[in-house]
Structures are given as C-alpha cells and as structure tokens.
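Let's take a walk through this structure together, one region after another. Have the viewer open and follow along.

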Amino acid sequence: MNLLAPIERIGRDPRTGGYRRYVWNDADMELREWFAGEAAARGMAYEEDGNGNQVAWWGFDSHARSTDEGGSALLLGSHLDSVPDGGAYDGPLGVVSAFAAVDRLRADDFTPSRPIAVACFADEEGARFGVACAGSRLAAGTLDPARALALKDRDGLTLAEVLTARGRDPRTLGRSAWLDRVGTFVELHVEQGRSLVHSGDAVGVATAIWPHGRWRLDFEGRADHAGTTPMPDRRDPMPAYAATVVAATRRAYEEGARATFGRVEVEPGGANAIPSRVTAWLDARAADDAVLARMLDAILVDAREAASASRVRVEAAVESASPAVTFDHDLRTRLAAALDAPLLPTGAGHDAGVLSAFVPTAMLFVRNPSGVSHSPDEHADDADCAAGVDALVRTVLELA
Ligand code: GLV
Ligand code: MN
Ligand code: MN
C-alpha cells in the first residue's frame, strides 16, 4: 500500500475516480518516471527497451551481457497503463507486488540463484492505439513494428509521431534482446471475477486465458436530413449497427461466450442528421478457439445482413487477436502446490498470455471482493494484497 500510494493520483479523473493512463500520455510518462525511480532506489539495473517496456534487474547488470546468464532470469511484474476509467489494481498491483517481494527477500538476506527482474510492459490495455499487449507483442516479435508505428490514436496521431514527440526513436521498435535473458515469467494480477471469493482463497493460480480479440466494424451510409428524408429513402448506418449489437449479444448468450461493444463513434454526430458512418469495436471472447471463430463468423454474417437491409456498407478489420493460452502445466502445478492455492481460468487478456508462447509462464490472481474490473470499483482488500506479496515471495523461493 505504501508503494501504491504515490501513484494513486496519477492519471485519475477527479469526476469518476477512474484512471486514464494511456501509453505515452502525461500520466504514463509520470508512471515511467516512478518505475525508473523505484528501480534506482533499490539499486536495480534499469532499462527501457525500444518498445517502451521497462525492466529493473536484481542480480544482473543489464549492460554486461554475459552469455552464460542467457535465459535464466525469473521475471515478475505487470503493467501500469489502464483502460478508459480503469481501476487502481489491474496492472499496478502486479508491479508494486513485485517490488514489495524483492524488498522482503532482500530484507531477509535472500540471495537468488538466478537473476530476478521486475517489468512494466507498455500499453497492455491497448486503450490508445487499439492493439492489446502491444509492448509485450513487440518485444516477443509477434507484432510487426511497421504495423505498430502506423497505428493511430483518437486524435489521428500515429505511434511513430507519438514516440518521436516523447523523445523515443521509432526505429528501435521490435524484438527485445532482454527477453532472451528470461527463463520464467510470473505475473501477479487482481482477479477479474469472483472465483476466489467462491473458493474462499486470497490467491489463486491461473490455468488458461480464453481466446479473445477486437474487431473494428465500419458501417458506411449517407448523411442526410433527419426531418426531410423519408424512412425508405435513407441509407442510415445506425440501425445496421444497432441490429448487429443485438445479434452479437444473442450469439454470445447462445455460445456461452462474450460479445461487447464498448466503443462507438458516430460521424458527423449531429442530433438532427442521419449519420454518414458508425464505427464500432467488438470485443469477443469464448472458452475455445473454435467457438470464438464460429461466433465471429455468425456475427459478421448478421452485420452484413443488417447492413444490406439498411442499404449501407460494412467492413470488418481485426485489431488484435489472441488465441487460447494454456499456462505451463508443470509450473502452474508446482506453484499451486507451493502456495496451496486453487487453479482457475480467466476471460481477461494479459502480457503473460503473450509471453507464455516463448517462456514457461504463470499467473497469480489476488481476490477481488466484487469481481468488478476495468472500472473505478475494482478493488482488492489490503490483507489479500499482502497475501499476494507473500505468494510472490514464496514463488521466488520456489523458483530462484
Ligand atoms: C485486458 O485486460 C483485457 O482482457 O482486455
Ligand atoms: Mn485490464
Ligand atoms: Mn491487466
């Protein structure tokens, strides 16, 4: 809590109490300084890679690149950015818990048998440029730097322009050498559901992440006067969009899956004008890849039918897609036993999901009393956060 307190005000909207920490905005810059300061305060070797991911090393000098330490480090950490109006815990809890665990271990004179690193991944939520886990995907080489640099934010600024304005070199985007020094990643995160409330545990270990992704749907019609255009003469994209939302909701119920439209833009946005365009973002998730693909196909058919009924055009583009992730079986079994913690899956996406394709990866979840997340109401009790740090300490003792 002492570690969370100094960042509590950063990027918080005073009206809602929610956070607006988007990659490379003022709040994000302040959080970057905070992270670098925490690394310095602990005498940890600090680096920011070309993608904006920050790493602090204990027991490894980031500048001395000795080959015999390649692939041996135990990486902890999470992210500090947020969704629009996000909560205080999604991301930051994992970062501060990692620093707190390092402090506890050092206070006990523990000497790790392998290097320990604490990371803050850039742009996990993808709130500004649309691609979730952009920092870890770039570091791992699964997001093309050229595509990333051309992504635009809501003001029409490209990532390349934003990086340059913040004094970063867009040419350094891409695979991160420091990841080659990582042998295991453990991300602690607030639970985004109530499984731990039901099981009565403060901490759990993740089994899997549901496949998920974001699709942008552009419904293009013809602007016209709201009063003088008879209904049959219209080419209004709004009813087509609305019908698509209703259809997607029904499909998600039918499939036991999730479909969400959390962002929509209407042009030109006049109350007395038929819109020329509606752009909407579909977040879709399901328990397995086949169900997700089937649901998406069906929703896109629904969207096309709704568009043709309104005589408008619809185009769909994938912004980010994450296949199902199953966390390393041996690692999760070992941690669940060492921590006496239950195993649970999640419908939320994480950098741990990206890295799990490259290194054995695990996640620890900390109980969230309401289960609410991506909202100012997101919460974890102090005692459970302390239990999370305990679990991370025991994880390091087990693995390092
Ligand atoms: C990230 O939290 C996501 O699941 O979208
Ligand atoms: Mn999140
Ligand atoms: Mn998160």
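Start at ligand 1, whose surrounding residues are Glu125, Arg285, Ala348, Gly349 and His374. Keep in mind as you look that this is a predicted model. Three polar contacts are worth displaying here. A polar side-chain atom of Glu125 sits 3.2 Å from an oxygen atom of the ligand 1 molecule. His374 also uses a polar side-chain atom, placed 3.0 Å from an oxygen atom of ligand 1. With Gly349 the partner is in the backbone: a polar backbone atom there is 2.6 Å from an oxygen atom of ligand 1.

Two of those residues lead on to a metal. Which protein donors does the manganese ion (ligand 2) have? They are Asp90 (OD), Glu125 (OE) and His374 (NE2), at 2.0 to 2.2 Å from the ion. Along the chain, these donors follow the spacing D-x34-E-x248-H. The pair Asp90 and His374 links distant parts of the chain: Asp90 belongs to the loop between E3 and H2, while His374 belongs to the loop between strand E15 (361–366) and helix H11 (382–399), 284 residues apart. Their surroundings can be compared through relative accessibility. Asp90 has a value of 5%, so this residue counts as buried. His374 has 38% and therefore counts as partly exposed.

Now move to the other manganese ion, ligand 3. Its protein donors are His79 (NE2), Asp90 (OD) and His189 (NE2), lying 2.0 to 2.2 Å from the metal, and their spacing along the chain reads H-x10-D-x98-H. Asp90 appears again, as a bridge between the manganese ion (ligand 3) and the manganese ion (ligand 2), which are 3.6 Å apart. His79 lies in strand E3 (residues 73–79) and Asp90 in the loop between E3 and H2, so this pair ties together parts that are eleven residues apart in sequence. Both His79 and Asp90 are buried.

From the metals, go back to Arg285, one of the residues around ligand 1, and use it as a door into the strands. Strand E7 (residues 212–220) and strand E11 (residues 277–285) are paired in the antiparallel sense over nine bridges. In this pairing, His212 stands opposite Arg285 in E11. E7 is also joined to strand E12 (residues 313–322) by nine bridges, again antiparallel. There the bridge partner of His212 is Ser322.

These strands also help to cover a helix. H8 (residues 289–309) has 21 residues, which should span 30 Å at 1.5 Å a residue; the end C-alpha atoms are 30 Å apart, so the expectation is met. Its buried residues include Val291, Leu292, Met295, Leu296, Ile299, Leu300 and Asp302. What covers the buried residues of H8 includes E7, E11 and E12, along with helix H7 (237–255) and strand E9 (258–267). At the N-terminal end, Asp288 provides the cap, with a side-chain oxygen 3.0 Å from the backbone nitrogen of Ala290. After H8 comes Arg311, with a positive phi near 55 degrees.

For a second helix, turn to H1 (residues 26–41). Its 16 residues reach 23 Å from first C-alpha to last, close to the 22 Å expected at 1.5 Å a residue. Among its buried residues are Met29, Leu31, Trp34 and Phe35, and also Asp28, Arg32 and Glu38. The cover over the buried residues of H1 includes strand E1 (45–48), strand E2 (54–58), helix H2 (92–107) and strand E4 (116–121). Asn25 caps the N-terminal end of H1 through a side-chain oxygen 3.1 Å from the backbone nitrogen of Ala27. Following H1 is Gly43, with a positive phi near 65 degrees.

A few backbone details round off the tour. Glu267 and Pro268 are joined by a cis peptide bond, with omega about -5 degrees, and Pro268 is placed in the loop between E9 and strand E10 (273–274). Cys133 is not a glycine, yet has a positive phi of about 55 degrees; the residue lies in the loop between E4 and helix H3 (134–140). Is Cys133 buried or exposed? Its relative accessibility is 5%, so Cys133 counts as buried. Asp340 likewise has a positive phi, near 50 degrees, in the loop between helix H9 (329–339) and strand E14 (343–346). With a relative accessible area of 67%, Asp340 is exposed.

Conventions:
Residues numbered from 1 in each chain as written. Chains lettered and ligands numbered in written order. Predicted model: local features only at pLDDT ≥ 70, side-chain atom pairs only at ≥ 80, totals over all residues. Heavy atoms only, no water. Helix = DSSP H or I, 4+ residues; strand = E, 2+ residues; numbered from the N terminus. Expected span 1.5 Å × (residues − 1). Buried < 20%, exposed > 50% of the residue type's maximum accessible area, 1.4 Å probe, protein only. Contact = heavy atoms within 4.5 Å. Polar contact = N/O pair within 3.5 Å; in protein donor to acceptor, adjacent residues only side chain to side chain. Donors = N, O, S within 2.8 Å, 3.2 Å for Na, K, Ca; no water. Pairing = 2+ DSSP bridges. Near = heavy atom within 4 Å.
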